[in-house]
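Let's take a walk through a protein model together. Have the sequence and the 3D view ready, and follow along as we go.

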Amino acid sequence: MKKTTITLLAALSLSSTASFAEYPSKDLQGVIMWGAGGSTDTVMRSIAPHVEDALGKDIILTNKSGGVGAISMKYVNKKKADGYTLLMGAENPQMHKVLGLSNLDYSDMIPISILARGTPMIMARNDAPYDTMQEFIDYAKANPGKVKIGSTGKGGLTSIVLAMLESQVKLDYISIPYKGDGPALTALQGGAIDVMPAVLGAAIEQIKAGRMKAITTVDVERNDLLPDVAPITDTLPGMKSYLPWGPFFGVFVKKGTPDEAVQKLSAAFQKAPFQPDFVNLMQKRGFTIMNYTGDEARYFLDAYRSTSSWLVYNAGFSKFSPEKFDIKKPQ
């Protein structure tokens with residue numbers, strides 16, 4: 001009886017091993033955290049064909065925005081840990097716990113690849129009566145409660161940039177929420193809002209086409225793509241303590257996913273960023289390719305969570321202290 005049981009377990013183990021040796025045996029689902037047209041959507045739809053070539057299977061891409069990324073993360077977390085559902089997201093979940101948006105962040109998932117990071121900027125509608133960061137600050141102070149700034153919700157890039165700004169200067173403005181930077185930038189072009197913090201990659205083409213203007217980059221030095229735009233530290237030198245900082249784009253799977261699947265996915269995503277068309281897109285959009293996986297990705301994620309979580313806590317709009325989740329203060 002014991003021998004039969006052992007034989008059966010061995011057979012099941014061999015069957016399971018064989019199954020994952022064939023991974024992937026079917027198409028995968030890629031759940032994109034933000035809406036169509038935004039920076040996360042652009043990066044993921046650009047990398048997916050190359051990963052499909054490496055895996056030999058299609059990745060069916062679906063946009064599931066909402067909850068500053070919490071909806072897509074919870075959706076993926078409810079799926080089987082089998083490597084067939086990928087979360088394609090941005091930096092936002094790293095602040096979810098302190099903001100009270102979700103009990104999940106990227107420490108609860110396995111990073112397959114941290115693909116790239118972007119440079120934040122502050123854009124304005126073309127006919128706004130200010131062209132530089134200092135002119136914008138002066139205008140906002142002279143017109144309290146009148147400037148409309150687009151937002152992607154607490155924990156989004158907008159909230160972090162504005163938290164940094166709030167630590168340096170007090171401004172009275174109206175916040176207008178949107179489901180992603182794509183819709184917000186469209187609203188900016190149409191004049192529904194006056195200003196929008198967003199990643200350079202999502203706005204560079206509109207800037208070049210003259211549909212909006214950049215008033216500053218949220219960085220410590222000028223960007224080669226916009227050499228005439230001064231970094232925010234020229235106006236607010238105190239921002240240097242937070243910078244460089246920027247949104248990132250990564251691919252994750254649920255914890256418990258078999259090592260074989262994680263390894264095959266990681267290998268596929270490691271090759272994809274070197275394809276000429278993807279490299280060209282990243283350069284044109286001002287994204288920096290990172291291509292982190294494994295321990296390197298986890299180290300990056302921990303450092304990012306530390307900086308951003310303590311930033312929103314110190315800005316006064318987090319629900320919980322980072323200490324509640326054992327998030328150490330940045331060094």
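Start with a little group of charged side chains: Lys97, Asp105, Asp108 and Arg305 are joined in a network of salt bridges. Keep in mind that you're looking at a predicted model.

Zoom in on aspartate 105. One of its partners is lysine 97, with N and O 3.8 Å apart in their salt bridge. Another is arginine 305, and here the closest N and O atoms are 2.8 Å apart. Aspartate 105 sits in the loop between helix 4 (96–99) and strand 4 (109–117), while arginine 305 belongs to helix 11 (residues 294–315), so this pair ties together parts that are 200 residues apart in sequence.

Are these side chains buried or exposed? Buried means under 20% relative accessible area. Aspartate 105 has 0%, so it counts as buried. Lysine 97 is buried too, at 13%, and so is arginine 305, at 11%.

Now hop over to another salt bridge, between aspartate 194 and arginine 125, whose closest N and O atoms are 2.7 Å apart. Aspartate 194 is in the loop between helix 7 (181–190) and strand 8 (195–199), and arginine 125 is in strand 5 (residues 120–125), so the bridge ties together parts 69 residues apart in sequence. Both aspartate 194 and arginine 125 are buried. Across the model, the salt bridge count comes to 9.

Finally, look at a pair of helices. The axes of helix 2 (residues 39–55) and helix 10 (residues 276–285) come within 10 Å and cross at roughly 165°. That's why helix 2 is described as roughly antiparallel to helix 10. Where they meet, the helix 2 residues are Thr42, Val43, Ser46, Ile47 and His50, and the helix 10 residues are Asp277, Phe278, Leu281, Met282 and Arg285. The residues of this contact divide into 5 nonpolar, 3 polar and 2 charged.

Note on methods:
Residues numbered from 1 in each chain as written. Predicted model: local features only at pLDDT ≥ 70, side-chain atom pairs only at ≥ 80, totals over all residues. Heavy atoms only, no water. Axes fitted to C-alpha atoms, helices over the stretch in contact; angles between N-to-C directions. Helix = DSSP H or I, 4+ residues; strand = E, 2+ residues; numbered from the N terminus. Parallel < 35°, antiparallel > 145°, perpendicular 65-115°, else oblique. Contact = heavy atoms within 4.5 Å. Nonpolar A, V, L, I, M, F, W, Y, C, P; charged D, E, K, R; others polar. Salt bridge = Lys/Arg side-chain N within 4 Å of Asp/Glu carboxyl O. Buried < 20%, exposed > 50% of the residue type's maximum accessible area, 1.4 Å probe, protein only.
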